[in-house]
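Reader: I am new to reading protein models. Could you walk me through this one, a step at a time?

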Amino acid sequence: MCGIFGIATSSGHIDPDQFNIPNETPVLYHRGPDDHGYFLNPQVYLSHRRLSIIDLHTGKQPIYSADSSKCIVFNGEVYNFMELRACLESKGYRFITNTDTEVILTAYEEWGNECVHKLRGMFAFAVWDSKTRSLFIARDRLGIKPLFYAYYNGIFYFASEMKAILQFHHFPREIDSDGLASYFMLSYIPAPLTIFKHIRKLPAGHTLSWRDGSITLNKYWDIFFVPDRTKSVDYFVEGYTALLEEAVKLRMISDVPLGAFLSGGIDSGTVVAMMSKSTTEPLRSFCIAFGGHIGGYLDERHYARQVVSKYGTLHTEDIVMPQLDAIMDDIVRSFDEPFADHSTIPSFYLCQSTRRKVTVALSGLGGDELFGGYERYLGVKLSSLYNRIPPLIRDHLIQNIVMKIPERADGHYTVNHIKRFVRSAAAPPDHRYFGFISMLAKKGITSIFSDPESLNTHFSNCQEAYAALFNSDNASEPLDRAFYSDIKTYVPEDILACADRMSMRHSLEVRVPFLDHKLLEFCATIPSEMKIRRFNKKYILKKGAQRILPTSVITHRKQGFVAPMTRWLQTDLKPYVLGVLSRQHLASHDLFNYNAVTSLLTDHFNRVEIHDKLIWSLVIFQTWYNLYIDSTN
């Protein structure tokens with residue numbers, strides 16, 4: 001696991017003084033504290049920071065081809081590299097290191113741009129070819145590893161994090177209006193957008209070729225949902241179990257200490273159970289819980305301890321308190337753009353705790369998206385039934401009654417989910433699902449802006465881009481369309497972005513076996529009614545988990561890996577929020593209508609409606625603005 005950065009120009013020469021190169025790329029030190037390397041010629045500069053995981057002694061980067069015409073910088077892990085190496089050796093290639101990096105470069109020599117189809121793992125890499133004077137850049141299929149790029153004033157940039165591009169004072173920091181609108185609807189910014197007008201994310205499953213100032217993007221992988229109803233539940237249980245066990249075993253390859261996150265849920269419990277089968281040494285597991293006013297938040301440590309007892313792991317628990325002054329700037333700087341999934345808070349502390357004892361950790365991320373674990377997926381199933389109710393009753397009587405119900409005092413989302421459902425269920429399927437996942441309906445969210453009219457087009461762009469994914473030919477059934485939309489947006493640019501930035505902030509490598517692309521492709525053949533059966537979410541995953549997990553771990557109410565933000569904002573964090581969103585602070589940019597923001601806060605504090613995600617988005621945005629726009633830092 002590492003950090004990569006590069007600059008290229010097609011005219012003239014790179015001025016080392018202008019860009020302060022070569023150097024150790026200190027802004028990416030956290031991604032690779034163990035080593036640094038670089039390649040520099042008049043046209044290109046490639047830089048690498050290394051976190052040593054495999055081949056600790058000969059894995060220094062960049063790595064060069066046998067004739068020195070090509071070199072590579074690489075971030076990630078390719079789990080089938082030994083298999084690929086054997087294949088390439090049979091073709092006459094010879095290797096001087098034991099790294100997956102050298103295998104990728106050799107695969108590029110053999111298969112060119114098509115080499116990405118051979119790779120199984122998580123990766124972002126760049127290959128410079130001096131013969132063609134071109135760069136080839138790739139990001140893994142699911143977007144587990146990040147890759148940002150920019151082309152400005154004749155210079156091409158790429159990096160694992162935007163801070164490596166933004167370190168140059170001449171690079172502009174103009175806010176992208178589509179990125180801003182997407183953030184306030186989704187709490188994150190989907191690829192290819194970023195908050196900055198001149199920087200883009202390379203989408204998951206894409207490659208980029210740069211030559212003579214010309215950029216060409218190519219999508220090399222996609223997922224297609226083709227449910228096979230000729231197969232039984234048992235067939236699919238056996239199939240996904242075998243693939244998941246293989247994915248877990250592959251991700252246990254490491255030359256440094258390795259452990260696992262264990263939240264108390266099915267996904268992480270399943271990963272820990274499968275890891276325990278593949279090792280004779282006691283496995284280290286890590287869990288956190290929350291303090292302060294947590295309301296109805298479910299403490300899952302009891303269930304994690306049951307898994308610990310069953311498999312004899314060496315377990316570490318920590319308590320996260322609602323004291324954010326010490327970490328807020330750190331979290332925001334980890335993303336370089338507004339990112340308001342408040343799972344960043346537990347993730348920050350979990351990764352910090354885990355890194356004290358291991359360098360690599362496996363996570364259960366992805367199980368919900370593969371097997372239907374979210375409430376919004378239930379909403380998709382229920383909406384077809386709900387829409388049979390006559391519109392007069394549904395859209396007036398029921399909706400008017402539901403919208404007047406006060407939110408639960410314990411902060412749980414039950415009432416809020418019902419409100420979101422009745423507000424969106426009658427819309428066309430694509431806009432309906434967007435209504436389930438967005439923080440507020442468009443007409444509601446725009447009221448917090450000082451000039452909502454100027455952003456209306458950009459809010460519509462966000463909604464229509466999501467609708468295009470939902471309506472694509474990659475899936476034909478409503479639930480599969482929802483799964484596909486999430487895999488292309490929420491998975492790479494929310495949950496995986498969070499996992500990458502928070503883990504790498506602490507120089508920890510996180511691996512996600514549920515998001516192995518072979519497992520994902522198999523799960524895309526499982527009929528949706530086997531994933532959610534009679535409103536029982538993750539039915540088929542639970543059926544397989546019965547063999548390896550305690551019953552109570554499988555049947556208890558899902559909590560999710562998020563902080564108890566609803567209650568924290570109403571209690572412990574209320575003074576903090578009021579300070580960040582004060583009239584004086586908001587006046588620094590005049591983007592928001594202070595009275596509308598105050599009304600939003602009042603409704604949340606008084607339980608009229610839960611607005612934790614939107615409030616947190618405002619807090620994060622204001623903090624980001626102070627650090628990146630209204631500051632010289």
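**Charged pairs, rings and the core**

Author: Happy to! This is a predicted model, and 36 salt bridges are found in it.

Reader: Let's start with K70 and E109: which elements do they lie in, and how many residues apart in sequence are the parts they tie together?

Author: The side chains of K70 and E109 meet in a salt bridge, at 4.0 Å from N to O. K70 belongs to strand β5 (residues 70-78) and E109 to helix α3 (residues 100-111), so the pair ties together parts of the chain whose separation in sequence is 39 residues.

Reader: Is E109 buried, exposed or partly exposed?

Author: Buried means under 20% relative accessible area and exposed means over 50%. Its partner K70 has 10%, so K70 is buried. E109 has 29%, which falls between the two cut-offs, so E109 is partly exposed.

Reader: Where in the chain are D336 and K163?

Author: These two side chains form a salt bridge of 3.2 Å, N to O, and both D336 and K163 are buried. The pair links distant parts of the chain, 173 residues apart. D336 sits in the loop between α9 (328-335) and α10 (344-355), and K163 in helix α4.

Reader: Which residues are linked with D336 and K163 in a network of salt bridges?

Author: One link to look at is D500 with R501, whose closest N and O atoms are 3.1 Å apart. D500 is buried at 2% relative accessibility, and R501 is buried at 5%. Along with D336 and K163, the network holds R31, K145, E161, D500 and R501.

Reader: Now the rings: is the pair of Y377 and F483 stacked, tilted or edge-to-face?

Author: The structure holds 43 aromatic pairs. One of them is Y157 with F168, at 6.2 Å centre to centre and 40° between the planes, which makes that pair tilted. For Y377 and F483 the centres are 4.8 Å apart and the planes are at 80°. Planes over 60 degrees apart count as edge-to-face, so the pair of Y377 and F483 is edge-to-face.

Reader: Which helices does this pair of Y377 and F483 tie together?

Author: Y377 and F483 are each buried, with 0% relative accessibility for Y377 and 0% for F483. They are 106 residues apart in sequence, so the pair ties together distinct stretches of the chain: helix α12 (residues 375-386) and helix α18 (residues 478-488).

Reader: Why is helix α15 largely enclosed, and which elements do its buried residues pack against?

Author: Helix α15 (residues 429-437) is largely enclosed by the rest of the structure because 7 of its 9 residues are buried. Among the buried ones are Y433, F434 and F436. The buried residues of α15 pack against α5, α12, α14 (414-424), α17 (456-470) and α18.

Reader: Which helix gives the most residues to the largest nonpolar core?

Author: That core has 192 residues, and those with the most contacts inside it are F125, F184 and W616. The helix that gives the most, with 11 residues, is α28 (residues 612-628).

Reader: Which residues is W616 in contact with, leaving aside its neighbours within four places in sequence?

Author: Contact here means heavy atoms within 4.5 Å. With those neighbours left aside, the residues in contact with W616 are Y183, L324, M328, A340, H342, I345, M565 and L569.

Reader: Which residues make the nonpolar surface patch of about 410 Å²?

Author: One member, L397, lies in helix α13 (residues 391-403). The patch is made by L392, I393, L397 and I401.

Conventions:
Residues numbered from 1 in each chain as written. Predicted model: local features only at pLDDT ≥ 70, side-chain atom pairs only at ≥ 80, totals over all residues. Heavy atoms only, no water. Core = buried A, V, L, I, M, F, W, Y, C linked by side-chain atoms within 4.5 Å. Buried < 20%, exposed > 50% of the residue type's maximum accessible area, 1.4 Å probe, protein only. Helix = DSSP H or I, 4+ residues; strand = E, 2+ residues; numbered from the N terminus. Patch = residues over 30% accessible without salt bridge, like charges linked within 9 Å, V, L, I, M, F, W, Y side chains within 5 Å. Areas by Shrake-Rupley, 256 points an atom, 1.4 Å probe, with all protein chains shown as cover. Phe/Tyr/Trp six-rings, centres within 6.5 Å; stacked < 30°, edge-to-face > 60°.
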